[in-house]
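Here is a short tour of one protein chain, written for someone meeting strands and buried residues early on. Keep the picture in view as you read.

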Amino acid sequence: MRIHEAVEKALKEKSPITRASLRDFGFKVFPTDSSDCCYIVNEKQQPARCWNPTANDLLADDWELVTK
């Protein structure tokens with residue numbers, strides 16, 4: 001799905017999103033309206049504030065909710 005569709009679902013279900021192509025790296029985006037903006041988590045690093053997506057991220061259609 002497109003990022004705007006994934007964000008809508010994530011906000012309703014209080015769940016992070018990821019791209020299918022990044023799932024195996026543990027990449028998760030938590031969309032918020034807080035001062036943290038969207039923050040990211042991966043399995044090897046601490047959470048990071050203010051995720052900056054690439055144009056490729058914004059145009060991708062492989063976004064999905066993280067289910068676990």
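In this predicted model, strand E2 (residues 28–30) and strand E3 (residues 39–42) run antiparallel and are joined by three bridges. Within this pairing, Lys-28 sits opposite Val-41 of E3.

What does E3 form with E4? The two make a hairpin, with two residues between them. Strand E4 covers residues 45–48, and its antiparallel pairing with E3 rests on two bridges. Here Ile-40 has Ala-48 in E4 as its bridge partner.

A general point helps when you look at strands: in a regular strand, side chains alternate between the two faces of the sheet.

Now let us turn to two single residues. Arg-19 belongs to strand E1 (residues 17–19), while Val-66 lies in the segment after strand E5 (63–65).

| Residue | Relative accessible area | State |
|---|---|---|
| Arg-19 | 9% | buried |
| Val-66 | 16% | buried |

Why does Arg-19 count as buried? Its relative accessible area is 9%, and buried means under 20%. Val-66 is called buried because its 16% also falls under 20%.

Which residues does each one touch, leaving aside neighbours within four places in sequence? Arg-19 is in contact with Asn-56, Asp-57, Ala-60, Asp-62 and Trp-63. For Val-66, the contacts are Ser-15, Pro-16, Ile-17, Thr-18 and Lys-28; Lys-28 is the residue met above opposite Val-41.

One distance rounds off the view of Val-66: its C-alpha atom is separated by 15 Å from that of Cys-38, and the two residues are 28 residues apart along the chain.

Conventions. Residues numbered from 1 in each chain as written. Predicted model: local features only at pLDDT ≥ 70, side-chain atom pairs only at ≥ 80, totals over all residues. Heavy atoms only, no water. Pairing = 2+ DSSP bridges. Helix = DSSP H or I, 4+ residues; strand = E, 2+ residues; numbered from the N terminus. Buried < 20%, exposed > 50% of the residue type's maximum accessible area, 1.4 Å probe, protein only. Contact = heavy atoms within 4.5 Å.
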